Amino acid sequence: MTTVNTAAVQEDSVVRPIHNPQATVNPCTLCAPLGAALATTGIQGAISLLHGAQGCATYIRRYLISHFREPVDVASSSFGESQTVFGGEDNLSRALDNIEQQYHPDIVTVATTCVAETVGEDVPMLLKRYNSRRNKALPVVYAATPSYKDGHVEGFHSMVHGIVQSLATNTGAPRRAVNVLPPLISPADLRHLREIVQGFGVKATLVPDYSDTLDGVILDEYRAMPEGGTPLDDISSMPQSLTTIDLTMTGKAPRASDVLARRGAQIHLLGLPVGIRATDAFVEHLTQMTGVARPQWLAQERGRLLDGYADGHKYVFGKRVGLYGDPEWVASLATFLFEIGARPVVCATGARNRALTKALEQLPPGSVDEVLDDTDFVRFEVACRRTNPELLIGNSKGYGIARNLGIPLLRLGFPIHDRIGAGRIQVLGYRGSTWLFDSIVNLLLERKQNASDVGYSYL
Ligand code: SF4
């Protein structure tokens, strides 16, 4: 990932960025195979292999471990100079052999790093040749993930697409299950989505589901393959489910849900269930598809969220907020902020994705001052200085900007490297939205309290 620190000047210990269109300075996105490796952790018995240089796997493991605070194994075919010149077929074959011997996986996912893409490795052909030399084929799913083209969001969805394309092939009897295709969300949010779906008396098939693999219980012994993940049989039966809820409005083609649609599944595209309206839409669709009424505990959680809005709306009304991160998060949080009366004055993503702009056009004119896509943190800080947010919401990479601006940061999304508990942050559903609303209100109150000469204790 290119990081060129040429566009910032120090002045009175405050970094004042200068817009430099020639360079990306502190990118607002991460590398594509990272997303593919993360998606792999949500499939039962799967292990991730990156075809390319070893440093890429090391960096990706470090990022995932530092965010989730769980061990994550990512294998590499370990390119050196000769593989870069002559190709990496032998290394890929050796890596697959080693993985099979050491991990005994049910499936291996292969994603490409920049060097393999740059030298033009024909990975599907190499995998075909590898399996043709064996008595029994090793199940492998492949996704092309060139980081100079896309970031971690696209890498994540490319791998989910590859998994669904390869494995969701069963055309048997209908099953009383609901498929959910989430974007990159926390393990706690994955668990809560499953809880909501199961509340309607049906099975939930989430792809991927790393709610246990990346937020497991403490163990006496290290396990190379953590328990959890979506079972391969469940993925196989996805076309027979009652419905498939694709929670990525800002996704780019090819989509996993398009594959399922071609195989006869019914698809429903929704935004992330953050806030009353978005969660209502999720819940109403489940009611419609299952024929089961909303469970009482969900009705109570909805009531509590509304009660929270009534208690706290005067503290958030008209407040100016800066958002950055994955496009789906930014779009969903902007809609949530509008619902609670706050203003998402600047919305930024590093993804090269015009869909964020389109999604934000659904809000009333004037709700958002600036939308930035394919952006970096320097441009985002410049936009913040123009739009004067009172709060930032995003991953921990924006901490420096919040500090420079003297405003609080609510850490959400990926990565969060300077706090613990990222895997347990829950903002989806009525329950998660209540936590989110309280957190926003309390950060704004704390800022007001800290700036007060009086130091009052009733706010
Ligand atoms: S895949 Fe590309 S962007 Fe990612 S770590 Fe490797 S070289 Fe860097």
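**Exercise 1. The four-stranded sheet**

In what sense do strand β3 and β4 pair, and over how many bridges? Then work out the strand order and find what packs on the sheet.

*Solution.* Keep in mind that this is a predicted model.

- Step 1: start with the pair. Strand β3, residues 46-51, and β4 run in the parallel sense and share three bridges. For a concrete anchor, pick S48, whose bridge partner in β4 is V74.
- Step 2: widen the view. Four strands make up an open sheet, ordered β4-β3-β5-β6, with parallel pairing. At the edges sit β4 (74-76) and β6 (140-143), each of which pairs on one side only. On average, neighbouring strands here are turned by 25° against each other, direction ignored.
- Step 3: add a helix. Helix α6 (residues 123-132) packs on this sheet and touches β3, β5 (107-112) and β6. The direction of α6 makes about 165° with that of β6.
- Step 4: add another. Helix α7 (residues 152-167) lies across β5 and β6, and runs at about 140° to β6.

**Exercise 2. Zooming in on β6**

Which side chains of β6 point to one face and are buried, and which point to the other? Also find how β6 is tied to β5.

*Solution.*

- Step 1: walk along the strand. The side chains of β6 alternate: V141 and A143 go to one face and are buried. V140 and Y142 point to the other face and are not buried.
- Step 2: look sideways. β5 and β6 pair in the parallel sense, with four bridges between them. One residue links both steps: V141 in β6 is the bridge partner of T109.

**Exercise 3. Two helix pairs**

What are the angle and the axis distance for helix α1 and helix α2? Do the same for α8 and α12, and sort the contact residues by class.

*Solution.*

- Step 1: recall the two descriptors. Packed helices are described by the angle between their axes and the distance between the axes.
- Step 2: apply them to the first pair. Helix α1 (residues 32-40) and helix α2 (residues 54-68) pack at an angle of about 55°, their axes being 10 Å apart. So α1 and α2 are oblique to each other. In handedness terms, α1 passes α2 in a right-handed crossing.
- Step 3: list who's touching. From α1 come P33, L34, A37 and L38; from α2 come Y59, I60, Y63, L64 and F68. Sorted by class, that contact holds nine nonpolar residues, no polar ones and no charged ones.
- Step 4: turn to the second pair. The axes of helix α8 (residues 187-198) and α12 come within 10 Å, crossing at roughly 125°. That angle makes α8 oblique to α12.
- Step 5: list again. H192, E195 and I196 of α8 meet W297, L298 and E301 of α12. The α8 contact with α12 has three nonpolar, one polar and two charged residues.

**Exercise 4. The five-stranded sheet**

In what order do the five strands of the open sheet lie? Next, trace the pairings of β12 and decide how enclosed that strand is.

*Solution.*

- Step 1: get the order. It goes β13-β12-β11-β14-β15, and the pairing is parallel. The edge strands, β13 (370-372) and β15 (409-411), each pair on one side only. Neighbours in this sheet are turned by 20° against each other on average, direction ignored.
- Step 2: follow β12 towards β13. Strand β12 (residues 343-348) pairs with β13 in the parallel sense over three bridges. C347 has V371 in β13 as its bridge partner.
- Step 3: go the other way. Strand β11 (residues 320-324) runs parallel to β12, and five bridges join them. Y324 stands opposite A348 in β12.
- Step 4: check burial. Five of the six residues of β12 are buried, so β12 is largely enclosed by the rest of the structure.

**Exercise 5. Buried or exposed?**

Does T250 count as buried or exposed? And does R304 count as buried or exposed?

*Solution.*

- Step 1: place T250. It's in the loop between β9 (243-246) and α10 (256-262).
- Step 2: judge T250. The cut-off for buried is under 20% relative accessible area. T250 has 2% relative accessibility, so it counts as buried.
- Step 3: see what T250 touches. Leaving out residues up to four places away in sequence, its contacts are R255, P327, E328, A331, N353, A355, L356 and A359.
- Step 4: place and judge R304. R304 is in helix α12 (residues 296-316). Exposed needs over 50%. R304 counts as exposed because its relative accessibility is 51%.
- Step 5: look across the sequence. R304 and R431 are 127 residues apart in sequence, yet 8.2 Å apart in space, C-alpha to C-alpha.

Conventions:
Residues numbered from 1 in each chain as written. Predicted model: local features only at pLDDT ≥ 70, side-chain atom pairs only at ≥ 80, totals over all residues. Heavy atoms only, no water. Axes fitted to C-alpha atoms, helices over the stretch in contact; angles between N-to-C directions. Parallel < 35°, antiparallel > 145°, perpendicular 65-115°, else oblique. Left-handed = near helix turned anticlockwise from the far one by under 90°. Contact = heavy atoms within 4.5 Å. Nonpolar A, V, L, I, M, F, W, Y, C, P; charged D, E, K, R; others polar. Pairing = 2+ DSSP bridges. Buried < 20%, exposed > 50% of the residue type's maximum accessible area, 1.4 Å probe, protein only.
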